Amino acid sequence: MPRLVRRLTAVLSVPALMLGLVSTSASAQTTSFRTRIELPNGFQPEGIAIYRGTAYFGSRLNGDIYAADLKTGAGERIVRGPGTGSLGMKVDRFGRLFVAGAAGGDARVIDTRTHELLASYTFATAPTFVNDVIVSKDAAWFTDSRKPVFYKVPLGPHGDLPPQSAVQIIPYSGDYRHVPDVNNANGIALTPDGKALIIVQSSTGFLFRVDPDTGVTRRIDIGDLVMTNGDGLLVIGTTLYVVQNRLNKVAVLELDPSGTEGHLVREITSPDFDVPTTAAAFGSRLYLPNARFTTPPTPDTPYWVTAVPR
């Protein structure tokens, strides 16, 4: 397979990198980069993370991880999955890929340089659907769309990965109301000030600000708007991007620093969207894998990634 070329023309600002808000370079020139990247037929992508010019994708079919160069589009499968899905993904400042394990009820941490499995964590048994993850300098937090809890994997002072016994299961309280037998908490991000979490509840379209230590939730005030089919979340500065998968659009909201209120600024659409699930940023673009939920999956079904201006 082609050797992946990793390029990053500028370095993240320290606050953004330390908070794990975004894997992007504010000044990277991406005009010569591809606006569409082909994935292997039958791959069934959902999650995406970007690190140093390489995009990582997880398969909801079997958990394989695929890596592609953003400039050339060349890619390869770098990790074979466990047979259960790989959904939301984030790369931390050490180049470690944190992967949400879907119905496996677990998570994995993979070295993006060596592709070695560094750690794995078991969170829950069925019914479970570990859907997405956000990483800060202190912890990784994972949502579970089938249980009214989220999971915290605390990190050591130097980013050390903890043992299984350190994993915390934190129940939601406050405004959040769990809806049985449907997808609930889905995408997750940090508030602009980095002090709390933001989640979207797919079943209701509500956005919540979540205390990361206690699980107390407060619905974010965005007026009468609801984020119908809300999926992946991305925060850059005070801008929140909400991917609305089956609506084939991304809502762009401006938040206050604490993430308690916000308003819709615009929406991003593309004729190339076919049920995008989440987004990662690089330079001036957002990259979104198309899950094609409305297309029956076969081994020959094509899948791709769409890049749009952010």
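Asn-248 is partly exposed, with a relative accessible area of 26%. In this predicted model, Asn-248 sits in the loop that connects strand S20 (239-244) to strand S21 (249-255). The backbone here is unusual in sign: phi of Asn-248 is near 55°, a positive value in a residue other than glycine. Most residues other than glycine have a negative phi, and most peptide bonds are trans.

His-115 also departs from this pattern, with a positive phi near 65°. Its setting is the loop between strand S8 (106-111) and S9. The relative accessible area of His-115 is 27%, so His-115 counts as partly exposed. A peptide bond of the other kind occurs further along the chain. Ala-126 and Pro-127 are joined in cis, with omega at about 0°. Pro-127 belongs to the loop between S9 and S10.

Confidence was examined next. The protein has a mean pLDDT of 92. A pLDDT of 70 or more is reached by 90% of its residues. Residues 1-28 stand apart, as pLDDT stays under 50 throughout this stretch. The model nevertheless gives residues 1-28 a total of 73 contacts beyond four places in sequence. Where pLDDT is low, the predicted coordinates should not be read in detail.

Asn-41 lies in the loop between strand S1 (36-39) and S2. At 44% relative accessibility, Asn-41 is partly exposed. With residues up to four places away in sequence left aside, Asn-41 touches Pro-299, Asp-300, Thr-301 and Pro-302. Asn-41 and Thr-295 are 254 residues apart along the chain, and their C-alpha atoms are separated by 13 Å.

Aromatic packing came next. The structure holds eight aromatic pairs. One of them joins Phe-123 and Tyr-151. This pair is stacked, with 4.6 Å centre to centre and 5° between the planes. Phe-123 comes from the loop between strand S9 (117-122) and strand S10 (130-135), while Tyr-151 comes from strand S12 (residues 149-154). The pair therefore ties together parts that are 28 residues apart in sequence. Both partners are covered. Phe-123 is buried at 7% relative accessibility, and Tyr-151 is buried at 0%.

Tyr-176 and Phe-208 pair in another geometry. Their ring centres are 5.7 Å apart and their planes meet at 70°, so the pair is edge-to-face. Tyr-176 is in the loop between strand S14 (173-174) and strand S15 (185-190), and Phe-208 is in strand S17 (residues 206-210). This contact thus ties together parts that are 32 residues apart in sequence. Tyr-176 is buried, at 5% relative accessibility. Phe-208 is buried too, with a relative accessible area of 1%. Tyr-176 and Phe-208 are also members of a cluster linked by ring pairs, together with Phe-150, Tyr-172 and Phe-206.

Empty space was then mapped. Rolling a probe the size of a water molecule over the atoms shows where empty space is left. The structure holds one cavity of 30 Å³ or more. The largest cavity has a volume of about 70 Å³. Its lining comprises 14 residues. Gly-88, Asn-131, Asp-132, Asp-231 and Thr-278 are the closest to its centre. Strand S2 (45-51), strand S6 (89-91), S10 and strand S19 (230-236) each supply at least two residues of this lining. The most comes from S2, with three residues. By class, the cavity lining divides into three nonpolar, seven polar and four charged residues.

The second largest pocket has a volume of about 230 Å³. It is lined by 13 residues, and Asn-183, Asn-186, Asp-231, Asn-245 and Phe-293 are the closest to its centre. Eight of the pocket-lining residues are polar, three are charged and two are nonpolar. Asp-231 is listed among the residues closest to the centre of this pocket and among those closest to the centre of the largest cavity.

Note on methods
Residues are numbered from 1 along each chain as its sequence is written. This is a predicted model: local features need pLDDT of at least 70, side-chain atom pairs count only at pLDDT 80 or more; totals for chains, interfaces and linings use all residues. Side-chain values use heavy atoms; hydrogens and water are left out. pLDDT is the predictor's confidence in each residue, from 0 to 100. Contact means heavy atoms within 4.5 Å. On a 1 Å grid over the protein atoms alone, a cavity is a set of points where a 1.4 Å probe fits but cannot get out, and a pocket is an open set with protein on both sides within 12 Å along at least five of seven lines; lining residues have an atom within 4 Å of a point. Grid points are joined across faces, edges and corners, and a volume is the space filled by probe spheres set on the points. Ala, Val, Leu, Ile, Met, Phe, Trp, Tyr, Cys and Pro count as nonpolar, Asp, Glu, Lys and Arg as charged, and the others, Gly among them, as polar. Rings of Phe, Tyr and Trp (its six-membered ring) pair if their centres lie within 6.5 Å; planes under 30 degrees apart count as stacked, over 60 as edge-to-face and the rest as tilted. Helices (H or I, at least four residues) and strands (E, at least two) are DSSP runs, numbered from the N terminus. Buried means under 20% relative accessible area, exposed over 50%, partly exposed in between (1.4 Å probe, protein chains only).
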